[in-house]
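Me: I want a close look at one part of this model. Keep it brisk and give the cut-offs.
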Amino acid sequence: SAQGFASLVALVPAGLAVDKLGSKSVLRSGLVMNVCGFLITWASPRLPVQLLGRVVSGAAGSVTFNAGMALIMHRFQDPERSQHIGTALGLGTIGNLVGPPVAG
């Protein structure tokens with residue numbers, strides 16, 4: 001899918017951005033990107049523009065994932081860190097399973 005491909009392509013640059021700019025600022029940017037992607041997809045009746053929205057959302061997913069994991073790694077020490085990473089990954093998996101059928 002366009003979203004999955006964009007997520008794959010953005011994964012490494014997103015990680016580099018987290019290393020260079022810090023996790024908080026990159027996380028904020030990823031959240032703004034995600035909202036923009038959803039609005040583009042929602043507002044357009046044309047398929048090419050809807051695909052663009054999905055691409056933006058996919059890239060934003062990589063940005064927020066990398067920044068979120070970096071934030072957890074920075075804020076917590078083991079064994080607490082492992083619990084928070086597990087919680088974040090579990091909630092993300094639930095969102096990935098539930099989101100598409102609910103969104104349509």
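How are H1 and H2 set to each other?

Reply: H1 and H2 are oblique to each other, because their angle falls outside the named bands (under 35 degrees roughly parallel, over 145 roughly antiparallel, 65 to 115 roughly perpendicular, the rest oblique). The model is predicted: local features need pLDDT of at least 70, side-chain atom pairs need 80 or more, and totals for chains, interfaces and linings use all residues. Numbering starts from 1 along each chain as its sequence is written, and side-chain values use heavy atoms, without hydrogens or water.

H1 covers residues 2-21. H2 covers residues 23-43. Helices are DSSP runs (H or I, at least four residues), numbered from the N terminus. The axes of H1 and H2 come within 7 Å and cross at roughly 135°. Axes are lines fitted to C-alpha atoms over the stretch in contact, with angles from 0 to 180 degrees between N-to-C directions.

H1 brings Ala17, Val18 and Leu21 to the contact (heavy atoms within 4.5 Å). H2 answers with Ser23, Ser25 and Val26. By class, that contact has four nonpolar, two polar and no charged residues. Nonpolar means Ala, Val, Leu, Ile, Met, Phe, Trp, Tyr, Cys and Pro; charged means Asp, Glu, Lys and Arg; the others, Gly among them, are polar.

H2 also meets H3, residues 47-75. The axes of H2 and H3 come within 7 Å and cross at roughly 155°. H2 is therefore roughly antiparallel to H3. The contact of H2 with H3 has 14 nonpolar, 10 polar and three charged residues.

Terms used
Helix = DSSP H or I, 4+ residues; strand = E, 2+ residues; numbered from the N terminus.
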